[in-house]
Amino acid sequence: MKISNQKIYEQIADILIQQIEDGVLKEGDRLPSIQKLAEEYGVSNASIREALNALRIIGLIDIKHGYGTFVKQKQPQLFDFTSQALTQKRVREILELREVVEVATARLAALRRTEEELQVMEEALDEMNRAIAHHQSGEEGDLKFHLAIAKASDNHLLYELLNNIADLIQQTMKGTRHIYIYSRQKTMEKLMEEHRVILEAIKNKDSASSANLMTAHLAEIRQTLVENYIVNEH
């Protein structure tokens, strides 16, 4: 079976996800080797590795070096609700707080940011980009970017509101990324671009655009969480 060009690894990930969902591949089953999968689909070993990494990130497979790749579970682990710290209600509350606070911090950062603070934002996005390039979800850099914007607002109280719940925000970012990978709603490249345009607006001291772009970014997150039954619509 040959694969046409789109994002090749995403297509392969889709096929493997479908096989797991349909029970063609069952929990505990060992997947063929990277070389065999590459041969079967007529693609490079690198594309197969990227596809397997995507499935590993969302908890569908286990990659055991020296032993092989095994199906871990039929359903992905999108959000980790096993700890008391993160519940569905808490995810909703964090999102609502971000929708209020981060639109304000983006607007104020555009008016008040320094060159040094812009540099911190750039470095955060570079970290996020490197993580994505290495098949990681990149939420650490994402969090640093949003906190850097809050810092640049020059309002200590707004910054502290976000910083005090930074760990929980990062957990929700991670869960949302798992949804993107599993549901194929958004690529990591598209997510990067959303952050880049916010940074550009802040660089250009365009406070209205900064606020509007942050609003749109958070609205997309809300829509994703609603569509996947993590939070209710209202």
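## A tour of the cavity, the pockets and the helices around them

The largest cavity has a volume of about 130 Å³. The model you have open is predicted. Begin the tour inside that cavity.

**Stop 1: the cavity.** Select Arg98, Thr172, Met173, Thr176 and Ile221. Of the 14 residues that line the largest cavity, these lie nearest its centre. Now colour α4, α8 and α10. Each of these helices supplies at least two residues of the cavity lining. Helix α8 gives the most, with five residues. Sort the lining by class and you get eight nonpolar, three polar and three charged residues. How many cavities of 30 Å³ or more does a search of the whole structure find? The search finds one.

**Stop 2: helix α10.** Select residues 207–227. This is α10, with 21 residues. From first C-alpha to last it reaches 30 Å, close to the 30 Å expected at 1.5 Å a residue. Show the side chains next. Which residues of α10 are buried? They are Ser207, Ser210, Ala211, Met214, His217, Leu218, Ile221, Arg222, Thr224, Leu225 and Val226. Ile221 has already appeared, as one of the residues nearest the centre of the cavity. Display the surroundings too: α4 (88–112), α6, α8 and α9 are among the elements that cover the buried residues of α10. Then step just past the helix to Tyr229. Its phi is positive, at about 60 degrees.

**Stop 3: helix α6.** Select residues 139–152, which make up α6. Its 14 residues should span 20 Å at 1.5 Å a residue, and the end C-alpha atoms are 20 Å apart, so the two agree. Is α6 largely enclosed or largely open? It is largely enclosed by the rest of the structure, because 11 of its 14 residues are buried. Pick them out in your viewer: Glu139, Gly141, Asp142, Leu143, Phe145, His146, Leu147, Ala148, Ile149, Ala150 and Ala152. The cover over these residues includes α4, α5, α7 (156–163), α8, α9 and α10. Just after α6, look at Asp154, which takes a positive phi of about 60 degrees.

**Stop 4: Thr105.** Move to helix α4 and select Thr105, which lies in it. Thr105 has 0% relative accessibility, under the 20% cut-off, and therefore counts as buried. What is Thr105 in contact with, leaving aside its neighbours within four places in sequence? The contacts are Ile149, Ala150, Ser153 and Leu158. Ile149 and Ala150 are also buried residues of α6.

**Stop 5: the two domains.** Zoom out. Colour residues 8–71 as domain 1 and 88–230 as domain 2. Their C-alpha centres lie 30 Å apart. Now show the contacts between them: 12 residues of domain 1 touch eight residues of domain 2. Keep both colours on for the pockets.

**Stop 6: the largest pocket.** The volume here is about 440 Å³. Select Tyr9, Glu10, Ile181, Thr187 and Met188, the closest to the centre among 25 lining residues. The elements that give two or more residues to this lining are α1 (8–21), α3 (45–57), α5 (115–133), α8 (166–183) and α9 (188–203). The largest share, five residues, comes from α1. By class, the lining has 10 nonpolar, nine polar and six charged residues. Check the domain colours: domain 1 and domain 2 each provide at least three residues of the lining.

**Stop 7: the second largest pocket.** This pocket has a volume of about 370 Å³. Which of its 21 lining residues are closest to its centre? Select Ile57, Ser137, Glu139, Lys174 and His178. Glu139 belongs to the buried set of α6. Two or more lining residues come from each of α3, α6 and α8. Helix α8 makes the largest share, with five residues. The class count is six nonpolar, nine polar and six charged residues. Both domain colours should show here too, since the lining draws at least three residues from each of domain 1 and domain 2.

**Last selection: helix α8.** Select residues 166–183 and bring back all three sites. Helix α8 gives five residues to the cavity lining and five to the lining of the second largest pocket. It is also one of the elements that give two or more residues to the lining of the largest pocket.

How values were computed:
Residues are numbered from 1 along each chain as its sequence is written. This is a predicted model: local features need pLDDT of at least 70, side-chain atom pairs count only at pLDDT 80 or more; totals for chains, interfaces and linings use all residues. Side-chain values use heavy atoms; hydrogens and water are left out. On a 1 Å grid over the protein atoms alone, a cavity is a set of points where a 1.4 Å probe fits but cannot get out, and a pocket is an open set with protein on both sides within 12 Å along at least five of seven lines; lining residues have an atom within 4 Å of a point. Grid points are joined across faces, edges and corners, and a volume is the space filled by probe spheres set on the points. Helices (H or I, at least four residues) and strands (E, at least two) are DSSP runs, numbered from the N terminus. Ala, Val, Leu, Ile, Met, Phe, Trp, Tyr, Cys and Pro count as nonpolar, Asp, Glu, Lys and Arg as charged, and the others, Gly among them, as polar. The expected span of a helix is 1.5 Å times one less than its number of residues. Buried means under 20% relative accessible area, exposed over 50%, partly exposed in between (1.4 Å probe, protein chains only). Contact means heavy atoms within 4.5 Å.
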